[in-house]
Structure formats: C-alpha cells, structure tokens
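Visitor: Hello! Could you take one part of this structure and walk me through it closely?

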Amino acid sequence: AEPDRSSRNSRLRSFYQQGQVESDAASVGLNVDPCDIDGAGFDPEVYLSKLLQEQPLTSLMAKEQQMVDQIRQLDSDMQTLVYDNYSKFISATDTIRKMKSDFHRMEQEMNNLAESVSAMSQQAADVRQHVGGKRAELKRLAGVSALLHKLQYLLDLPARLTELRREGAHQQAIRAWQQADRVLSRYADLPSFRPIRADCLAIMAELRAQLWKRFNEGGSGTESGGEGGSGGGAPDARQLAELVDLLGQLGESEADLSAAFLRQADPRMQRLLGDLEAQAGSLQDDVLQFVDQGCNHLVSELCILIAVFGDIFPSPESRAKLEAYHESVMRSYLAIVSKRFCLEARESGGTGDSLLVRACDRFHRKLQAMHRLVTEGELSVRALAVVCDAAAERAGAVRAQLDLRLTAALSGLRSQLATAGARSVSLPQLMAGLLTELVDAVKAALAGLQAFLATDVSFSLKPAFRERFCVRAVRQELLAGFLNHQATQCARLAQLSPTPPPLLLLLLSRYCLDFRNSSLHYLCTLADEQFLVPESPQAEALVTPVSELSAVYSDSAAELLQAYVCASGGTLAGMLRKSVDARDWLQGIEPRSVRAVVKRVVEDLAGIDASVSSLYDEAPSGGGGRGGGDRSSDSSASRLARRPLTAASRSQWSATPSTLGNSLLHRLFSDKVDLLGPAEFGRASVVSGVVRLALKTLLECVRLKTFGRYGLQQVQVDCHYLHAFLWRYVSDDSVVHFLLEEILASAAHRCIDPVSMEQSVVELIVERD
Amino acid sequence: SIIKSEIKMDIDDPPVIYGLETQARALCSVPALDDSQQFIIGTQGLRVEHNQLHLLTFDADSNSVSKRIFDHGRDEIWSVSVAPHNPNLCATVFNRVTMDSGTNPSVAKRWCLWKLPEEEDNQTPRHRNSSEDALTSSSLSSVESLQSIGSIELEQQGEPRCLAFHPERAEAVLVSDGGLYQLGLGSGAVRLLAHLPAKDGRSQLRYWHAAWNPHHSAQQVIAACDSGGLRGFDVRCPPSDGPVVVIDNAHNGQARCVDYNPNKQYYLASSGDDGAIRFWDTRQPSNPVKMLRLHKHWACCVQFNPYHDQLVLSGGTDAKVYLTNNRSISSEPVLSLDDDLDDDDDDDDRRQQQPELDEDRTVSVVEEHEDSVYAAVWCATDPWLFASLSYDGRLVISHVPKSEKYRILL
C-alpha cells in the first residue's frame, strides 16, 4: 500500500501545480471506504478501532511511526504549495502594473500615424489633378511604338528567312513565316505589304523546293548536320521524318507526303528485292546467308519504314496505304524466299537438312518478330506457310530420292539375277538384302527430316506446320506414297511385256509379302511416333490407312506370284510348244526313249521348285491340295526320287489312251476342275500352277497336230514319264492325271492310225530313262 | 450326224446350245441378206467319213435353231469363213489325209472356195428344230452338197491357216505359213494378186490369223504372228516395202487373233497365248492402249461388236467366253456434256448409286463350255447375239444381257 499512496500523492501534487481545481472530479473519484485513508469517506474512528482490533502491537507501533512520518510529510508539502501560490500572485500583480504604463505610450504613436495618412491623401489628390489630361496621349504613343516594332519585324522578315534558310534552321524559318503570314495575308491588299509578302513567298517556295529535293534524295542532304549515325547512304528514316514534318507544316497534304514517302523508299526496297531474287535462282551462296541478308537488310528496313511511317502518318488512310505497300513488298519477298527454300530443298543433297532447317528457323523467327510490329496481313501465318512449303518440298525431294533408290535397287537386283545364274544366288539372301536396304533407306529419310522437328526450332510446334509437314508431307506423301509406289512399282513388273526374269517376279512377290508382314506396320508406326502424328480423325482422313497399304502389298504379291507362274509356266510351255511344232508326228520311227525336251522340262521344273521352295514354305495358308498332307511328311530328298511304281499307282493311272470316253466320264463325275486357278502363297500351289500351265499348253499343241501311229506312241511315252515325275510338284494329283489323260486322248483322236503301245513297253522305256 | 438342239432356260437370256458329234474349231457368222441370224460351223473329224458344214439359222421368236447341212467329205475342217459381200460364198481350210498304199499316210492342209447352194423353199419347215423334235428331225435332215469354186496352188504356200475375205471388194487374203496371199475372186475365178512373204528381215515368221482394216476403203491387212508380234501391210504398196505397222511382242507367246475396231480408226485388238487381250493404237505401237487379263490360258479369238465397238468378245482354251465392255477406248463418247449440264444432280446421284455404270467391265461370261473355245463370233446381222464353239463340238448362241443392251441403247 505504501508505493500506492506515494504515487497518488505525487499525482495530487502535479494536479495542484497546474493551478486548476477540479473539486467535483476529485469528490466523485474518491472511494467511500471509511478505512481508506486517502478516500473522501475516511472515518478516523473506524480506521483507528479497526487498526487496534486487528493489528498486533508491533505493527501498530510501526503504523504509528509511519503515520507520523506521513503527516509530517504532508505538512511540509502543504507549506510548499502555499508558498508557491503566493509568489505567483505577486508576479501577476507586477505584470498588470507594467501593462498599464505601456498603453499610454502606444496611444501617442497612433495619433502620429493618423496625421501622416491624412497628409498623403492630400498629396495624391494634388497629383491626380496635375496628370489627368496627358494619359490618353501616352497610351497612343506606346501603341505606335509596338506597331513600329512589328513592322520592323515584317520588313526584316525576308532577310531573316533567307538567313535562317541558309543556316539550315528550317524549323525556325517556318515558324517565323507562319507567324508573319497571318498578318501579311490579312493586309495583303495594302501595297506596302505586297512586296514583302511576295518576297517571303518566294523564299518559302525556295525552301519548300529545297526540302522536297532533300526529301526525294532520301533525306541525306549534304547540308544536314543532324543524325550523323546514318551510314552508307542508307536513307535515314528519322531525317525523312523530320523533312516530312517540315513539309507538313508548309501545308503539304498527308496523302501526298505519304505517297511520296513510300515512293521514295520504294527504289531501295526494289533493289534489295532484286538482289535477293538474283540470289534465289542459284545455290551459290548458302541458304543461311541468303536468309541473313534478307532479314538484315530488307526486313529490317521494312520494319523501320513501317515504324517511322506509323509515327509520321497516323491517319487510317495512310495506314491503309502503308499496308498495301508492305503487303506488296512482303509478297515479293515471301515468293523469293519460298523459291530459294524450295530450290534448296530440291537440290541440296542428303546433308542439306540441317542447313535448311536453320535457315527456315531464322526466317520464321524474324518474321514472327516482325509480325508483332505489323499485326495485319497474317504475316507469321504466311511465313509459316513458306516454311511449310519448303519442308514439304524437302519431303518431296527425299521421296524422289527414295524412288530413285528403289528403281536402282530393282534394276540392281535384276542385273544381279541376270549375271549370276539362277542356282548360284541365294534368293532369300537377296531378298533380305533388298528388304534391309530399302527399309534402312526409308528410316534414314525419316530420320533426316526429323531435323525440322527439333525442339529449338521455332515453328516445329505450330499446329499448321504439324498438319502440313508431319501428317501430309511426311506421313502421307512421303511414307504412304513411297510404300504405295513401291508396291505398284513391283506390281508393274508383273504386267511388263516382255516379262522380266521370272526369278525377279518370284523374289519380289515374296518381298512384297515380307514387307507387308514385317516392315509396313513398323515403318508406319515409326513415322507416327517420330513425327508425332496425332490420332485425330482429321489426321486419319489425310493418311492412307495401313490396312489399305497392306492390301496393296498383298495384291502386288499375288499379282507377282501369278506373273511368276505365268512366266515360268510360259517358258516351259514355250519349250513344249516349239518341240511339238517342230516335230513331224506323222512319219517317224517307233519311240525308244522319252523326248529330250520332256526331260528338260522335268529338270527345269526341279530348278523352279528349288527356287520357289527357297522363298515359300511348303504349306500354303489353307486351301492346299488334298495330296499335300502326305507329301509334306516326305523329306525333301525324296522329292528327287521318282514315283514309286507300286501296284496302287499303276492301277490309278495307265498310259493307255482311254479315248474320249474316259475324260467325258471324268468330267461328268468330277466338279469342273479349275485348271488354272490363282496361285496361293505356298510352294506346292505355285509349282503345280506352273505344271498345269505347261501341261495345258502341251494339250493344246497336241490338238493342233496330226499323228501317225508312232507319234501317238511317243506321246504315250512322254506322258508316262511326266506322270512318273510330276506328282511330287503338284498339290493335287488329280489335275495332272486329268490333263495327261486329256493329252493322250487328244493325241489318239488326232491320230490317223490309233494303235497304242503296250503299257509294259511304255514303262520299260520310261524305266530306262 | 446326231444333232440335238436344246434350250437352256434362264431368267434373262437363255443361251441356245447346239451340239455336234465330232470336235470342231471352225465357226463363222453369215451376213445373210434377209437379216436372219445365221452361223456356219465346220466339223473336225480326222477319221470321219463325212465332215460337214452346218449352216444354222437362229429363230429369236422360238429361241431355236434350224439348220442346213453341207457335205465336206473326208476332209476335216480347220477354218471356215464367209464373204461379207456374198453370204453364199464361203471358204474352208481343211486337212486332207491321203493313204498311199496304206502304209505311208500323208496329211496336207488345203483350202478351197465353195458356193453354198440356194435354199429350196420347202426344206425350211422340215429343218426347223425345237427342243421337242430334236431327235426326230435329225433323221429327216438331208445333206446338201457344196459346189467348189476352186482353189489355186500357191508357191511356198506351206500350211494355210485361214482365209480373210475383203470387207467390200471381191478379194481375200489367205493366211498361211508362207505369208499372206492377196487373192482376187472376181469374175468367177481365183487369181493371185500379191504375195506378202512371211519374213522379218532374215528370220522366218509364221502367220496365224489376219484381219482387214475396214477403214479407208480397206487397204490394209494385219496379221498375227507366232512370235507374238503383229504385222500390218498396205496392199497398195509393193510387197518388198515390208510392213507398215509393226507391233513386236504384242503377246508373250503366239499371237492368235487380231481384229480392227469397226468404228474407231487405228484401233485394234489382239489376243494370244499369254491369255491377254490387248488393244492397240497403230499410231503408237510401243504400248497397248489397254490390256485385259481374263483368260487363264490361250486367248484364241477376239472380236469387236460390229455395231457397238465397246462390246468385245473373246474366247479361250480355259473354256471361257468373256463379253467385256471397254467403253473408255471405244468410239462412244465418254459422257455427253449435255447430260451433265441438264441434270447434274440426277446424274451424280445415279453415278453414286452405280459407280461402275460407266466403267469398263466384264459384262458376262459364257460358262456353258467344258472344253477349249477356239472360236467366238458376233452375229453379223444382230448386234445383241453371239456364238461360241468349243472343241467338244458344242455351239452356244448367247445374248447380250438385256440390262447391258438397254444401258447402251438408252
């Protein structure tokens, strides 16, 4: 409680020191606790009794001491306060006394002031009285003086203008003239002004002419000192702007000026375009340099031109004019660039990709930047179109190279087959070589073109570029186009007359089949991945589907195989036909042996069989002959053996001409045999196709001849020989049976003395051979 | 000979089948003066006593065939042709077997011109065959005899193949191993006008078939060679001038038949052992205008329809006869512009519905044959009728399908 009270006392003190009494606030703020010694409701009796009742003696003693101290303190405080108040009262009394004496002196000075003011007003009235008459005169004189100044200025104006003009201070000259002209034109009818005005007009006309001249010279007037930075005779656009500004102030119309501005800028543009055009026609400079030149000179200047023009001529009409001009320049420029790029794309060899890509990239970036300056005209779209064209052209060039490669590969294969005999080359190896070569060529082509899609290339991610280049140019025109071309090119060989070597047809047939199975899908997927062809319906609409290509390859393979059958069958058939034609079947000796040509046919057939089986498997995909099953269990070595002359086989077929009856029966009871159906992709089907073709031809040739007895018997022997050796090559024995029977029957029919040979003799002769 | 005539019923156009007992190769259409639809066929029987020529008249109303038979003796007939300007004048190429002293038989190919006797009126009804009296009528038929006009021996003749009558004049060309012999047939006698030897430089050629060019008053004749080439000659030039048209390697193998487009100059068709039909423009002989690969073996004959040259008939040793429409290379206009302008929408619609409508296509295939077809000809008087003959002696007279007919006519 002790510090509490002392702080309260100090507060009380400060309150009194301020000399303000707030008794109300004090009485309200006091507590009513009777035991609070500082409170308003302090009751000493209560406090004392309370103390006496509650406190022990020692604390009472202490309390008493404390109270005595406090009372003493309070007394001294009170004394101090009283003294303070007293001294303040004394000083206030002093102050009042001093003020009283000061007021006396001030009154005296005020009286003096009033006197002076009245004297001044007296004098002013006097002056007004004196001066009043001459004020109008003074005013007039001042006006005359000013007018004379102005006239002097006008009279000096021609000289001044000349001076300014000579100094090249055109701006000041024009400003001066403009100011003077207002007056001169107003008083133009006064004779004294007329010559001045005429002089000035002449000078200004001269000035104007001078400005126009400089303007037309390209702003690089010799007398102009400003903008020293413009180098090498290039038109300084800023100077031009200044000139245009001056001329505009001289009252030239904006349309004239803007037209003149463009006209003035045009020759230089045309010269730059001409330079570029000249370069575009040749591959002498590299394409990057070409782009740099175009960008640094033409495009930069065009940019400056556009910027300056825009500043000087802000009106919409001028803007339209600028756009038209800009459009025409850009059109020429884009055409030139496109021409150069396409030339580069076409002519540069395999290494040109990166250079072209970099050139395209640089070009595209520059024009994109320019597009930001000139938003109209779809500049960046058109630049992209140029790039697209170049890229597509490149893809086309690559495609052309691939086509050449294919042609070379095919003719190489052809000559390889022609020089090395049929037996000495491994057909599967040749085919694998061809497959690898062409697939690698396609892959290399695709890889080369990927340079266009590098991530640092500015246009590589543009959707328009993707669509045009990736989907259309590469995926469709290059890849699908080439694949289709390859298939049709192979198939075209099948239709050639005279037919190409049969082995080539066989090889290519298998090649088409293998390509379809192994590489077609792979290449298409590869391209899809490498060139990020989207799986959207739009993209799919543009691209030939793989299934369609696959069908083309299947068709080509089938066509080639059929052509092979026709060609090799035709070779055998030709041999048989010539031998039948050449022989005199009417006169002749009894047959002793099988004719050499028949043996030769069987030998050749073995060769054909070997070639075919090196490329095609035994079992065709379904639809093989009925006899295919048991033969496939034979080892290939047994194929060289002749038919075992078991009783069963003999009973099955005899070399006796059964006359027409047998074949009629055959026809009656068997379905119409499709003698010359299409060959399937299998050894048996192919070879039996060849056999059937040869036998059918033999049949037709026999029908054109007339036979004697021994002629018929010779046919008997030949047929038996064929029967003994052909079975192993065919998928369906019954067709061979039927054809051999027909041959025999026809020979018998065409025989004037049909006496057939004993079966045992026939067998003997065949056995001996 | 037993002759049976049967009618095979079909929904559209039932083909009429006429059977011979012996084999046959020779077939020709007869340009009858009364516009009746006639064909003539010859039998090829080596050991037969009586080979015959059958002159068949097709009756469209009853869909049946009536016949006249002419005796050709023991000589088997390889080829028959009838003069376009005279339906009674016919020529055959035949094989004559002579047995000298029984042991050493010899066979020789010969040719002869014949005059078919005029038909007697009262014979016609007796010979009319329909399916009902096929068997009975055969016994009733009488065999008429041919009147030989003559033949001449020609130098280096070799084996004759066939005789091609000139389309307008009384002339013919005999095709033989020795070359082409231009014969004059006027004033009742045969005489040799010119001989075009079958030589190609030094190598010997063998001609198989020949056809006159019907344009420019028919001064050119073209022959099919066994080397696969075609050789065209102008009969106004001396033979030493050599061919005016040379198409080498027209076919891989032998060229079997050749025919000029009757309505489009310079265009011709050829068929051969490679089974292909090729169409040529004689002004550009290096490449065919078009190729058809329909036959699976030899294509033995090919002929343009004499009226609507887009229709082409071909027969082959695969026992098939193909009727194709080759509109794209025919004399028919491609598609009249008027149509397009008049009803654009209708036309487009129609084309979308039937996109194959104006494309070249195979119109029909005669499946009735079971043996090689060596001859197929158009009827000379009816553009919608054709006949084909297979080796087993079966003649099939077929119609152009009605749908195709209307498509061409309308």
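Visitor: I would like to look at the salt bridges. Is B:Lys109 buried or exposed, and at what relative accessibility?

Guide: Happy to help, and please keep in mind that this is a predicted model. B:Lys109 counts as buried, because its relative accessibility is 13% and the cut-off for buried is under 20%. Its partner in a salt bridge is B:Glu159, with the closest N and O atoms 3.3 Å apart. The two residues sit in distant parts of the chain, 50 residues apart: B:Lys109 belongs to strand S9 (residues 104–115) of chain B, while B:Glu159 lies in the loop between strand S11 (147–150) and strand S12 (160–165). B:Glu159 is partly exposed, at a relative accessible area of 31%, so this bridge pairs a partly exposed residue with a buried one.

Now move to chain A, where A:Arg475 and A:Asp528 meet through their side chains in a salt bridge, 2.8 Å from N to O. This pair also links distant parts of its chain, with A:Arg475 in helix H15 (residues 463–495), A:Asp528 in helix H16 (residues 502–530), and their positions 53 residues apart. A:Arg475 counts as buried, with 4% relative accessibility, whereas A:Asp528 is partly exposed at 29%.

For another bridge in chain A, find A:Glu437 and A:Arg405, whose side chains meet at 3.6 Å, N to O. A:Glu437 is in helix H14 (residues 427–449) and A:Arg405 is in helix H13, so their bridge ties together parts that are 32 residues apart in sequence. Here A:Glu437 is partly exposed at 31% relative accessibility, and A:Arg405 is partly exposed too, with a relative accessible area of 38%.

Those bridges stay inside a chain, but others cross from one chain to the other. Between chain A and chain B the count is four salt bridges. One that you can look for joins B:Asp371 to A:Arg703, where the closest N and O atoms are 2.9 Å apart. Helix H18 (546–582), helix H22 (659–669), helix H23 (683–703) and helix H25 (733–749) of chain A each supply at least two residues of the side that touches chain B. Of these, H23 of chain A gives the largest share of that side, six residues.

Let us step back to the whole meeting of the two chains. In contact there are 29 residues of chain A and 36 residues of chain B. The area buried between the chains is about 2800 Å², with carbon and sulfur atoms giving 48% of it. A:Arg703 appears again here: together with A:Leu704 and A:Ile752, A:Arg703 supplies 21% of the area that chain A buries against chain B, more than any other three residues. There are also 17 residue pairs in polar contact between the two chains, counting pairs with both residues at pLDDT 80 or more.

Finally, over all chains the structure holds 43 salt bridges. Having followed a few of them, you can return to B:Lys109, the buried residue you asked about, and trace its bridge to B:Glu159 once more.

Key
Residues are numbered from 1 along each chain as its sequence is written. Chains are lettered from A and ligands numbered from 1 in the order in which they are written. This is a predicted model: local features need pLDDT of at least 70, side-chain atom pairs count only at pLDDT 80 or more; totals for chains, interfaces and linings use all residues. Side-chain values use heavy atoms; hydrogens and water are left out. Contact means heavy atoms within 4.5 Å. Buried area is the accessible area (1.4 Å probe) that two parts lose on being put together, summed over both. A polar contact is a pair of N or O atoms within 3.5 Å; within protein, one must be able to donate a hydrogen and the other to accept it, and residues adjacent in sequence count only if both atoms are side-chain atoms. Helices (H or I, at least four residues) and strands (E, at least two) are DSSP runs, numbered from the N terminus. Buried means under 20% relative accessible area, exposed over 50%, partly exposed in between (1.4 Å probe, protein chains only).
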